[in-house]
Amino acid sequence: MNSRSILLTLSLAVILNAGACSRKAATPDNGSASGNANGNAASTTNPAPDANSSNQQNQAPAPAPAPQPPLVVPAGKTVTVSLGTALGSKLSTSGQTFTGTVARDVVVENAVAIPRGARISGTVVDAKPLGKLAGGAVLQIRLDSININGSDVRVHAAGRSFAVKGKGKRTGIMAGGGAALGGIVGGIAGGGKGAAIGILAGGGAGGAGAAFTGNKEIVLPVESAVAFQLTQPVEIQQ
């Protein structure tokens, strides 16, 4: 083969090779096209942010309501309780606890601060039967706490004292309220020596139904109403 033929052959090969390279560059890469397609698809699947949800996230939580101030039951207010157990100069002992309920609502600023029926707790301060104190009998009780809204609230109230003199007298002295026990509302029931005489305590911090037996013992029956006067204010959480 002469040199002209060789040169022609080489020229033809160069031309064919250049054409093949240009066609390869013009064809898009399958991987790149797939990636772009997947990217575009992914971008279309992500929804635009909701304006309402963004506003909700930006809104601050509502502030908690301010607690209501406590109701204050002032000193001097009367709390009348109904005894849940019988107490007496001979029945009771010093240090004994007793229970009961509030007999009527205690109202402050047109609101019920201490509701009727609230449980109370008290203590027998002193109990002396007939013959232990110059022939007389003594019963002293105090109010300790009131259960309000499920919590026992400590209270400070003037104690109630009942005393009856000995021989020949059927009158009593109430030290707690400073009033005399008088106004006998009944005679000796049935005429018996141990029959009860009804006594109504008036004045002072309030009244209390009491009974004095024929031998001068002091008895406060179950459900007797005893009034206690607060000596310190009491805060009631609403």
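## Salt bridges and a buried serine

This model has two salt bridges, counting a side-chain nitrogen of Lys or Arg within 4 Å of a carboxyl oxygen of Asp or Glu. Keep in mind as you explore that the model is predicted.

Let's begin with the charged pairs. Side chains of opposite charge can pair when their charged atoms come close. Here is each pair with its N to O distance.

| Basic residue | Acidic residue | Closest N to O |
|---|---|---|
| Lys128 | Asp126 | 2.6 Å |
| Arg142 | Asp144 | 2.6 Å |

How open to the surroundings are these partners? In the bridge between Asp126 and Lys128, Asp126 is buried because its relative accessibility is 15%, and buried means under 20%. Lys128 has a relative accessible area of 27%, so this residue is partly exposed.

Now look at the bridge that Arg142 forms with Asp144. Arg142 counts as partly exposed, at 35% relative accessibility. Asp144, on the other hand, has a relative accessible area of 7% and is therefore buried.

Next, find Ser82, which sits in strand E2, a stretch covering residues 78-83. Is Ser82 buried or exposed? With 17% relative accessibility, Ser82 counts as buried, because the limit for that label is under 20%.

Which residues does Ser82 touch, leaving aside those up to four places away in sequence? Its contacts are Gly100, Thr101 and Ala103, together with Glu223 and Ser224. If you have the structure open, try picking out Ser82 in strand E2 and then locating Glu223 and Ser224, two of the residues that Ser82 touches.

Definitions and conventions:
Residues are numbered from 1 along each chain as its sequence is written. This is a predicted model: local features need pLDDT of at least 70, side-chain atom pairs count only at pLDDT 80 or more; totals for chains, interfaces and linings use all residues. Side-chain values use heavy atoms; hydrogens and water are left out. Helices (H or I, at least four residues) and strands (E, at least two) are DSSP runs, numbered from the N terminus. Buried means under 20% relative accessible area, exposed over 50%, partly exposed in between (1.4 Å probe, protein chains only). Contact means heavy atoms within 4.5 Å.
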